[in-house]
Amino acid sequence: MVVRLRQGNKAANSAKDHISILPEALEQLPDDFYDPDGVLMSEKIMLRTDSAGATREC
């Protein structure tokens with residue numbers, strides 16, 4: 001699980017927040033998900049977000 005603390009006056013989560021934290025979340029997957037070169041082997045990974053996960057980045 002990845003958590004990023006933000007300023008108290010920051011607006012609700014946005015698509016930009018979710019996109020920026022995705023690489024950190026993927027880095028926490030077990031080594032079995034990566035080949036010897038460090039390339040992610042899985043074609044599909046399920047992500048769960050809060051309601052802001054339904055927002056779109058334009």
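Where does A54 lie relative to α1 (15–27)? A54 is found in the segment after this helix, with helices taken as DSSP runs (H or I, at least four residues) numbered from the N terminus. The model is a predicted one, in which local features need pLDDT of at least 70 and side-chain atom pairs pLDDT 80 or more, while totals for chains, interfaces and linings use all residues. Residues are numbered from 1 along each chain as its sequence is written, and side-chain values rest on heavy atoms, with hydrogens and water left out.

A54 counts as exposed because its relative accessibility is 67%; buried means under 20%, exposed over 50%, and partly exposed in between (1.4 Å probe, protein chains only). Its C-alpha atom is separated by 8.8 Å from that of S14, 40 residues apart along the chain.

I45 also belongs to the segment after α1, and at 32% relative accessibility I45 is partly exposed. Between I45 and L26, 19 residues apart in sequence, the C-alpha distance is 9.3 Å.

I45 helps to line the second largest pocket, together with M1, V2, A25, L26, Q28, L29, P30 and L47. A pocket here is an open set of points on a 1 Å grid over the protein atoms alone, where a 1.4 Å probe fits, with protein on both sides within 12 Å along at least five of seven lines; lining residues have an atom within 4 Å of a point. The space in this pocket is about 170 Å³, counted as that filled by probe spheres set on the points. Its lining comprises eight nonpolar residues, one polar and no charged.

How values were computed
Nonpolar A, V, L, I, M, F, W, Y, C, P; charged D, E, K, R; others polar. Helix = DSSP H or I, 4+ residues; strand = E, 2+ residues; numbered from the N terminus.
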